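Okay, thanks for coming, everyone. I'd like to spend a couple of minutes on sheets today, so have a look at what's on the screen.

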Amino acid sequence: MPRLPRPTGAAAVAVALGLLAAAPAAGQEPLVTEARVLAHLDPAAGQTPENIALGLDGSAYLTFASARQIAHVTDDGRVSTRATLPAVAHADTPLLHSAAVTGIARAHDGTLYVNYATGTSATGVWRLSPGDAPERIAALPADGLPNGLALDERRGVLYVADSVRGTVWRVPRSGGTATAWAKGAALAPLPAAPARGLGANGVRLRRDAVWVSNTDRGTLLRIPVRADGAAGPVEPRADGLAGIDDFTFPGPGRSVLAALNTGNRVVLVRADGTVTTVLTTREGLSNPTSVAVRGRTVYVPSAASATRRDPNLLVARLRHLIGRG
């Protein structure tokens with residue numbers, strides 16, 4: 001999520017140590033190269049990107065949180081508005097105190113799904129079918145903050161990470177009642193300082209498991225999906241990831257590319273827990289919020305929520321695909 005303060009105290013130290021520890025070995029080629037800003041965005045128009053989904057043609061769909069918009073960015077950097085979600089009177093989303101469009105997922109038929117957090121009865125998962133207006137397909141608690149969103153087309157369900165309630169909701173893709181699929185301390189925000197109030201944030205699928213990031217705790221978690229669709233026990237996979245937002249899998253294995261919002265970095269977290277910085281402010285990051293990969297192309301939206309400099313969509317090139325490690 002945007003609007004996070006800069007890390008202080010122990011969190012700032014952790015970020016600094018991460019930066020020092022992440023330097024590539026002498027003579028080692030960087031994993032991510034050819035970084036460039038594909039599209040510079042306009043903060044005055046509310047173009048502060050929160051999440052991303054990719055089209056089959058190399059274009060990207062972004063959620064502009066505070067503008068309540070879903071935008072389309074072509075592969076040559078042209079930005080257009082795909083839809084604007086309806087305004088809500090007296091919006092009062094926890095932590096944000098305004099309405100925000102957050103997570104986004106795209107189905108193979110082009111249908112887009114987004115989370116809309118409002119602090120009112122309009123909060124929920126919304127669907128944007130090609131050629132249609134946005135419609136809500138599932139309600140979510142008004143006192144929550146639906147954030148990351150993932151689509152499981154095989155099972156026909158969506159998973160929503162609720163940052164305030166520390167819950168992963170499961171929603172039928174066709175619409176209907178949301179059920180609390182997974183919850184507990186590992187998914188919840190920290191109860192005391194230096195907590196920001198953001199627990200479960202990003203959510204992604206990897207084979208028969210749902211992976212979730214927890215911003216306050218700086219953790220990456222794996223939750224198996226049992227044969228009956230129920231959640232298995234939460235498994236910690238990585239920690240020490242101060243300011244982690246959303247993430248993605250850059251290859252067939254369990255290695256992850258994660259956006260560290262407050263650290264202004266994108267890092268590679270390998271299956272053995274080692275962390276390597278692959279993109280920083282030098283390449284144009286400005287509070288990155290999410291990461292997506294198609295083939296060897298990496299896409300990173302930056303919201304500039306704390307830096308106040310240059311919200312943008314950056315693209316880069318993976319030197320090679322990340323294997324099973």
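Before anything else, a bit of vocabulary: when I say two strands pair, I mean that DSSP finds at least two bridges between them. And keep in mind that this is a predicted model.

So, with that in hand, let's take one sheet. It's an open one with 4 strands, in the order E14-E15-E16-E17, and the pairing is antiparallel. Which strands sit at the edges here? Those are strand E14, residues 200-205, and strand E17, residues 235-238, and each of them pairs on one side only. On average, neighbouring strands in this sheet are turned by 30° against each other, if you ignore direction.

Zooming in on E14: 4 bridges connect E14 to strand E15, residues 209-214, and the two run antiparallel. If you want a spot to click on, try Val 203, which stands opposite Val 212 in E15.

Quick reminder for anyone who's rusty: strands of a sheet pair through backbone hydrogen bonds, and that can be parallel or antiparallel.

Now another sheet. This one is open too, with 4 strands ordered E1-E24-E23-E22 and antiparallel pairing. Its edge strands are E1, at 32-40, and E22, at 292-294, each pairing on one side only. Here the average turn between neighbouring strands is 25°, again with direction ignored.

Inside that order, how many bridges join E23 and E24? Strand E23, residues 297-302, pairs with strand E24, residues 312-318, over 6 bridges, in the antiparallel sense. One to look up there is Ser 302, whose bridge partner in E24 is Asn 312.

That's my bit, thanks!

Methods
Residues numbered from 1 in each chain as written. Predicted model: local features only at pLDDT ≥ 70, side-chain atom pairs only at ≥ 80, totals over all residues. Heavy atoms only, no water. Axes fitted to C-alpha atoms, helices over the stretch in contact; angles between N-to-C directions.
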